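These are my notebook entries on a structure that I had not examined before. I set down what I looked up, in the order in which I looked it up.

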Amino acid sequence: MKSNLKRLCVLLLGAAAAAGCFCLGRFTAPAPESPPEPTLPVLEAAPGITVDSDRYLQLDADQNPDAQFSRYYPPDADRSHSLHLYCLDMENVRIALDGQSCFLEDALEAGLVTAEELYTWAQLDTFLGICTQYTGIRRGASYCVFRYPEYDLRFTSGVKSDSAEGWEVVETLYICANPYAPEVPGSSAQEDWGLTFALQSADSTGVTLLCTQSGGQQLDTLIVDWYYIYLPDFSDSIPRQDGGQDTTAFQPNPVIARDAETQIALDWSAIYGSVPPGEYVLSLKVSDVYDLGNRQDADATAFDARQTYYIPFTIEK
């Protein structure tokens, strides 16, 4: 009798447990569904990347001495707390992401890449010996320059004071052609601007030139807008003290008078410091500053607005 009762209790307990499991199975909340994969924006296809595939930073661009590009990211952000992308002498700046080439400005705007990622990849390239890194502080903002064979990347970060705007956070990515890439004089035909240069004096802090202008086919005003110092064989250039290219360091730009002689004094003590005695070549950049909108002739659109003149000089001991 006890055996039958025990067996009956076991059966009842088993049935209750099965019913409980069935009820739990019916009323247990379903597992949450996995969130859908984010859809990446479809960006405009860019020309292919031609730099070495072993670089961490797959960044490429086309050199154009007339190119200039400026944009803030995100576009609708407060400019005092945003990234400023500024490209000079470079156009069609593009980057390879996951094997696909797209324009850098589109990738930044879509959030596919950040300045921090670009900085990290460039630093990894430094470890591989692909680029050279320079750091320093200028006007209260710290900067880091990564010099690749084709271009410079300068990251600037800091806080500056402006009497009108108050304190402003500065985050800038500046991309320009490598200013120290070896030049090949005479590699391209020049416009006839009727210029000749004669050296009047030279020392460790600068040179004085006498420029004569006569005739020529320039469109408007000729100015000296930049210069570099090279060794005589153009195998290397004298590095700037800050490791970068800051066009504001060379101001004002000398204006070359038309059909006259102009004395041009270049003081590079704030740019190159004291250049040691030796033989050098001054690579002088001269630009024709004109308003293309006022030039309707077809030749103006293909006009070379910047040319280079080479002046050898010696710094005596």
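Entry 1. I began with Glu191 and asked whether it is buried or exposed. Glu191 has a relative accessibility of 21% and therefore counts as partly exposed, because buried means under 20%. I bear in mind that the model is predicted. I found Glu191 in the loop between strand S7 (166–177) and strand S8 (195–203). I then looked up its separation from Gln217: the two residues are 26 apart in sequence, and their C-alpha atoms are 7.2 Å apart in space.

Entry 2. I turned to backbone angles in strand S2, which spans residues 83–97. Asp89 lies in this strand and has a positive phi of about 65°, although it is not a glycine. Asp89 is buried, at a relative accessible area of 10%. Asn92 also lies in S2. Its phi is positive too, near 50°, and Asn92 is likewise a residue other than glycine. With a relative accessibility of 35%, Asn92 counts as partly exposed.

Entry 3. Which residues have the most contacts inside the largest nonpolar core? I noted Phe197, Leu282, Leu284 and Val286, in a core of 31 residues. The elements that contribute two or more residues to this core are S8, strand S9 (206–213), strand S10 (221–230), strand S12 (261–267), strand S13 (278–289) and strand S14 (306–315). S10 gives the most, with 7 residues. In soluble globular proteins, nonpolar side chains tend to be buried together.

Entry 4. I followed Leu282 further. Leaving aside residues up to four places away in sequence, I recorded that Leu282 touches several residues, including Val207, Leu209, Tyr227, Ile229, Leu266, Tyr310 and Phe313. Apart from this core lies another one, of 29 residues, among them Cys87, Leu97, Phe155 and Ala177.

Entry 5. In what order do the 4 strands of the open sheet stand? I read the order as S11-S10-S13-S14, with antiparallel pairing. Strand S11 (255–256) and S14 each have a single partner strand, so they stand at the edges and one side of each has no neighbour in the sheet. I then looked at the pairing of S10 with S13, which is antiparallel and runs over 9 bridges. As one position to locate in the model, I noted that Leu222 stands opposite Asp288 in S13.

Technical notes. Residues are numbered from 1 along each chain as its sequence is written. This is a predicted model: local features need pLDDT of at least 70, side-chain atom pairs count only at pLDDT 80 or more; totals for chains, interfaces and linings use all residues. Side-chain values use heavy atoms; hydrogens and water are left out. Buried means under 20% relative accessible area, exposed over 50%, partly exposed in between (1.4 Å probe, protein chains only). A nonpolar core is a set of buried Ala, Val, Leu, Ile, Met, Phe, Trp, Tyr and Cys residues joined through side-chain atoms within 4.5 Å. Contact means heavy atoms within 4.5 Å. Two strands pair if DSSP finds at least two bridges between them.
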